[in-house]
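I am opening a fresh page for this structure. I will start at the surface and then work inward.

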Amino acid sequence: MSSSEAAQRAVSLEKIGEHRFRATNARGGTVVLGHGDDPDFTPVELLLAALAGCSALDVDFITGKRAPMETFEALAAATKIRDEQGNRLVDISVTFDITFPEGEAGDAARTVLPDAIKKSETRLCTVGRTVAVGTPISYVEGDL
C-alpha cells in the first residue's frame, strides 16, 4: 500500500450560524451544511452526494480513457428510518444515466460502463465501501 493510500483524511467543522456549519478540507475547499430548513446540504445529503461523487469519479476515470461522456447524471437515494438501531439509511442506491458519443470510442466506453460501475461498487469507491463494509466510528471530546 502506498503512503498516499494509507494517508489520513480529515475535515474540520466550524459553527457559522444557528444550526449551520462550514466544513473545510486541507486544501481550503469548503462546504456549508445545515439541518434542512435552508438551502444548505444536510449531513445525509452530503453522504449521498459523496456516494454518487465517489463512484462518478471512478466511472469517469475508467470510461474516460475510451471516450468523454456526452451527458452524465447520477441519483443517489435512500430511505431514512428510525428503528431499534437508531436513525439510519436503508435501501441506498446510486443510479447512473450516462451517454457517450457515437463511434468506436463511444462504443468502447459503453462496453466498459457496466464493469466500471461494478468495480466502483465492489472495490474502488472508498465512500461506498466504507458504508457497505461498516466501520466503527469513535466520537470523543477533546482538544484538536
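Entry one, the surface. I looked for a nonpolar patch and found one formed by Leu47, Ile92 and Val131. Together they have about 210 Å² of accessible area. I note that the model is a predicted one.

I then checked valine 131, which lies in helix H4. Its relative accessible area is 40%. Buried means under 20% and exposed means over 50%, so valine 131 counts as partly exposed.

Entry two, helix H2. I checked its length. H2 runs over residues 43-64, which makes 22 residues. At 1.5 Å a residue, H2 should span 32 Å. I found its end C-alpha atoms 30 Å apart, which agrees.

Which residues of H2 are buried? I listed Leu48, Leu51, Ala52, Cys54, Ser55, Ala56, Asp58, Val59, Ile62 and Thr63. Next I looked at what covers them. The cover includes strands E4 (71-83) and E5 (86-99). It also includes helices H3 (104-124) and H4 (126-133).

Entry three, the interior. I looked up the largest nonpolar core and counted 10 residues. They are Val59, Ile62, Ala67, Phe96, Ile98, Phe100, Ala109, Val112, Leu113 and Ala116. H2, E5 and H3 each supply at least two residues of this core. H3 gives the largest share, four residues.

Apart from this core I found another, of five residues. Leu48, Ala52, Ala76 and Leu89 are among them.

Entry four, one residue of the largest core. I set aside the neighbours of alanine 109 within four places in sequence. Alanine 109 is then in contact with Thr63, Arg66, Ala67 and Phe100.

Definitions and conventions
Residues numbered from 1 in each chain as written. Predicted model: local features only at pLDDT ≥ 70, side-chain atom pairs only at ≥ 80, totals over all residues. Heavy atoms only, no water. Expected span 1.5 Å × (residues − 1). Buried < 20%, exposed > 50% of the residue type's maximum accessible area, 1.4 Å probe, protein only. Contact = heavy atoms within 4.5 Å. Core = buried A, V, L, I, M, F, W, Y, C linked by side-chain atoms within 4.5 Å. Patch = residues over 30% accessible without salt bridge, like charges linked within 9 Å, V, L, I, M, F, W, Y side chains within 5 Å. Areas by Shrake-Rupley, 256 points an atom, 1.4 Å probe, with all protein chains shown as cover. Salt bridge = Lys/Arg side-chain N within 4 Å of Asp/Glu carboxyl O.
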